[in-house]
Amino acid sequence: MLSTTIGEDGRATQAQHLSCLVIDDCVAVDAGSLAMAVSDKQRENIRDIVLTHAHLDHIAGLPLFVDDLFATTKRPITIHATREVEEVLENDVFNWRVYPRFSELKNEFGAVLRYARIDPEEEFEVRHLRFKPVEVNHKVPTTGFIISDANTRIGLTSDTSKAENFWRVLNAERELNALFIECAFPDSLQELASAAFHMTPNILRRELEKSKQAIGRILVINLKPTYREQIIKEIKSLKIPKVEILEVGKAYEF
Ligand SMILES: [Zn+2]
């Protein structure tokens, strides 16, 4: 997961203000910190961005990433998104008022930005990866994914509250090497978590009990920076097997 936040010493911190995972240095899943935190190699390679939903912390770095590559990219940047997410981007972000509508612009090599529609019912391929979309339970239409290559399978819930559908799909699949699962608020903010369709440590524990699947590692993501220490304390006290807090900026191998 890319770093998202710079602390007062000018270095990246563990705070997860934004969300962006990069797989094999070439495919981004969400784009919260994409422009700001990618390495040169990643900026050179990434032309596919798969979006889970259109909340700001998942797309903040997208307009700037496209802008940075506008003059030089030789192939279009492809945004893989559901119809709802594409509509938000075109109507509310790339609308000439907030930022240019890059999908209408060309550089000397051709198109700069294109969309590939995600059908929530259909698996799709991006580079060497296979994506199975899984509808989750968030305030806006949001897609989790089961992502696989020839050897490895990972699950990603994105932002969600209790996610019956996610477990139903997961339990019908084969085992996972890793699951990235959200936990945004501490238990004391259960009401806020419910209203915003996020999880707390207690919900996380109960949700994980619904998994019948063998999962190698469980990495908790999307901890709201303000409550990070509290959430970690609560998760640790629950002693859920295999659960660890994702380290921002770290490259994971599965
Ligand atoms: Zn969200």
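Author: Two strands count as paired if DSSP finds at least two bridges between them. With that in hand, let us look at this predicted model.

Reader: Happy to. In β9, which residue is the bridge partner of Val126?

Author: Start with the strands: β8 and β9 run antiparallel and are joined by three bridges. They form a hairpin with two residues between them. Across that hairpin, the partner of Val126 in β9 is Leu129.

Reader: Which residue in the turn of that hairpin has a positive phi?

Author: The turn is made of the two residues between β8 and β9. One of them has a phi of about 50 degrees, and that residue is Arg127.

Reader: Let me zoom out to the sheet. Which are the edge strands of the open sheet of seven strands?

Author: The order of this sheet is β8-β9-β10-β11-β12-β13-β14, with mixed pairing. From one strand to the next, the twist averages 25 degrees. An edge strand here pairs on one side only, and that describes β8 (124-126) and β14 (243-245).

Reader: In which sense do β12 and β13 pair, parallel or antiparallel?

Author: The mixed pairing of the sheet invites a look at each pair. β9 and β10 (residues 143-148) are antiparallel over six bridges, with Val134 opposite Gly144. In the pair of β12 (residues 176-182) and β13 (residues 215-221), Phe180 stands opposite Leu219. These two strands also have six bridges, but their sense is parallel.

Reader: Now for a helix. Which residues of α5 are exposed on the side away from its buried residues?

Author: Residues three or four places apart in an α-helix point the same way, because there are 3.6 residues a turn. In α5 (residues 83-93), the buried residues are Val85, Glu86, Val88 and Leu89. They lie on the same side of α5 because they cover an arc of only 160 degrees around the axis. On the other side, the exposed residues are Glu87 and Asn91.

Reader: And which strands are included in what covers the buried residues of α5?

Author: The residues to be covered are Val85, Glu86, Val88 and Leu89. Their cover includes β4 (77-81) and β7 (113-117).

Reader: How many residues are in the largest nonpolar core?

Author: Nonpolar side chains tend to be buried together in soluble globular proteins. In this core, Cys20, Ala28, Ala31, Leu51, Phe180 and Val220 touch the most other members. Ala31, for one, touches residues including Cys20, Ile49, Leu51 and Phe65. The number of residues in this core is 72.

Reader: Is Arg228 buried, exposed or partly exposed, and why?

Author: Arg228 lies in helix α9 (residues 228-238). Leaving aside neighbours within four places in sequence, its contacts are Ala15 and Leu223. A residue needs 20 or more other C-beta atoms within 10 Å to be buried, and 12 or fewer to be exposed. Arg228 has 16 within 10 Å, so the answer is partly exposed.

Reader: How far apart in space are Arg228 and Phe185, C-alpha to C-alpha?

Author: In sequence, these two residues are 43 residues apart. In space, their C-alpha to C-alpha distance is 8.2 Å.

Reader: One last thing about the whole chain. What is its radius of gyration?

Author: The chain has nine helices and 14 strands. The globule rule gives 18 Å for 254 residues, and the chain comes close to that, so it is as compact as a globular protein of that length. Of its residues, 43% count as buried. The radius of gyration itself is 18 Å.

Key. Residues are numbered from 1 along each chain as its sequence is written. This is a predicted model: local features need pLDDT of at least 70, side-chain atom pairs count only at pLDDT 80 or more; totals for chains, interfaces and linings use all residues. Helices (H or I, at least four residues) and strands (E, at least two) are DSSP runs, numbered from the N terminus. The arc is that of the directions from the helix axis to the C-beta atoms. Two residues are in contact if their C-beta atoms, placed from the backbone, lie within 7 Å. Axes are lines fitted to C-alpha atoms, for helices over the stretch in contact, and angles run from 0 to 180 degrees between N-to-C directions. A nonpolar core is a set of buried Ala, Val, Leu, Ile, Met, Phe, Trp, Tyr and Cys residues joined through C-beta atoms within 7 Å. The radius of gyration is taken over C-alpha atoms; the globule rule is 2.2 Å times the number of residues to the power 0.38.
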